[in-house]
Amino acid sequence: MKSILLIALCVFSFSSSFAKDAAPLADDPVIEQRLIIISEEMRCLVCQNESLAGSRSDLANDLRREIRTLIKEGKSDDQIRSFMVERYGDFVLYRPPVKPITWLLWIGPFIILLIGIAGLLTYLRRRNNAVTNIALSDDDNKRIDALLNNKNGTEAL
């Protein structure tokens with residue numbers, strides 16, 4: 001049994017000496033750097049909570065390949081962003097521009113927060129008004145004092 005384990009260990013350690021280094025993603029590191037900068041500002045359309053640079057979905061790979069092609073064609077960063085927005089809409093950008101169609105996206109969370117605060121204040125006012133103040137008589141106050149001062153925990157009166 002030990003000899004089989006030793007032979008397997010030798011075979012696997014020998015085969016690892018033929019392992020290859022990882023191939024670079026692009027021939028030009030400048031193109032790759034631009035690709036990373038541009039794709040960090042874009043949302044993966046499949047994952048939606050990951051940047052295009054960080055996503056490993058097939059669509060993200062295709063979009064990165066498309067951006068790489070546009071970079072090689074000599075397009076500027078703004079032209080590439082415009083191309084992506086034209087093709088996929090403002091949703092592809094992590095920071096969509098402020099324009100009438102995206103006002104709700106930018107202002108919506110604040111509106112919801114204000115509605116929530118107004119609803120909470122209304123609820124608290126109604127609850128406060130529903131509680132009636134009861135004035136205690138002198139006899140009630142004496143009974144309460146007796147109960148609080150009683151050490152045995154039994155009623156004194």
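## How exposure is judged

A residue is called buried when its relative accessible area is under 20%, exposed when that area is over 50%, and partly exposed in between. Asp77, at 24% relative accessibility, therefore counts as partly exposed, and the same reading is applied to the other residues described in this report. The structure itself is a predicted model.

## Overall make-up

The protein contains 6 helices and 0 strands, so that its elements, read from the N terminus on, follow the order α-α-α-α-α-α. Of its 157 residues, 20% count as buried, while the accessible surface comes to about 12800 Å², with 61% of that area belonging to carbon and sulfur atoms.

Among the contacts in the protein with a separation of 6 or more, 43% are accounted for by residues 24 or more positions apart.

## The largest nonpolar core

The largest nonpolar core has 16 residues, and the members that touch the most others within it are Met42, Leu52, Ile67, Ile71 and Met84. Two or more residues of this core come from each of helix 2 (29-40), helix 3 (58-72) and helix 4 (77-88), and helix 3 gives the most, with 5 residues.

Ile71, one of the core residues just named, touches Ile31, Arg34, Leu35, Ile38 and Ile80 when residues up to four places away in sequence are not counted. One of these partners, Arg34, also takes part in a salt bridge, which is described next.

## Salt bridges

The count of salt bridges in the model comes to 6. In one of them Arg34 pairs with Asp77, and the closest N and O atoms are 2.7 Å apart. This pair links distant parts of the chain, since Arg34 belongs to helix 2 and Asp77 to helix 4, with their positions 43 residues apart in sequence. Arg34 has a relative accessibility of 24% and therefore counts as partly exposed, and Asp77, also at 24%, counts as partly exposed as well.

A second salt bridge joins the side chains of Arg65 and Asp62, at 2.8 Å from N to O. Both of these residues lie in helix 3, where they are 3 residues apart, or about one turn of the helix. Arg65 is partly exposed, because its relative accessibility is 48%, and Asp62 is likewise partly exposed, with a relative accessible area of 38%. The side chains of Lys99 and Asp90 meet in a further salt bridge, at 3.0 Å from N to O; here Lys99 is partly exposed at 32%, whereas Asp90, at 17% relative accessibility, counts as buried. In addition, Glu41, Asp78 and Arg81 are joined into one network by salt bridges that share partners.

## A nonpolar patch on the surface

Nonpolar residues are also found on the surface, where Val98, Trp103, Leu104, Leu105, Trp106, Ile107, Ile111 and Ile115 form a patch with about 850 Å² of accessible area together. One member of this patch, Ile111, is found in helix 5, which covers residues 103-130. Ile111 counts as partly exposed because its relative accessibility is 40%.

Notes. Residues are numbered from 1 along each chain as its sequence is written. This is a predicted model: local features need pLDDT of at least 70, side-chain atom pairs count only at pLDDT 80 or more; totals for chains, interfaces and linings use all residues. Side-chain values use heavy atoms; hydrogens and water are left out. Helices (H or I, at least four residues) and strands (E, at least two) are DSSP runs, numbered from the N terminus. Buried means under 20% relative accessible area, exposed over 50%, partly exposed in between (1.4 Å probe, protein chains only). Contact means heavy atoms within 4.5 Å. Accessible areas come from the Shrake-Rupley method with a 1.4 Å probe; for residues, only the protein chains shown count as cover. Patches are made of residues with over 30% relative accessible area and no salt bridge: like charges are joined within 9 Å, nonpolar side chains (Val, Leu, Ile, Met, Phe, Trp, Tyr) within 5 Å. A salt bridge is a side-chain nitrogen of Lys or Arg within 4 Å of a carboxyl oxygen of Asp or Glu. A nonpolar core is a set of buried Ala, Val, Leu, Ile, Met, Phe, Trp, Tyr and Cys residues joined through side-chain atoms within 4.5 Å.
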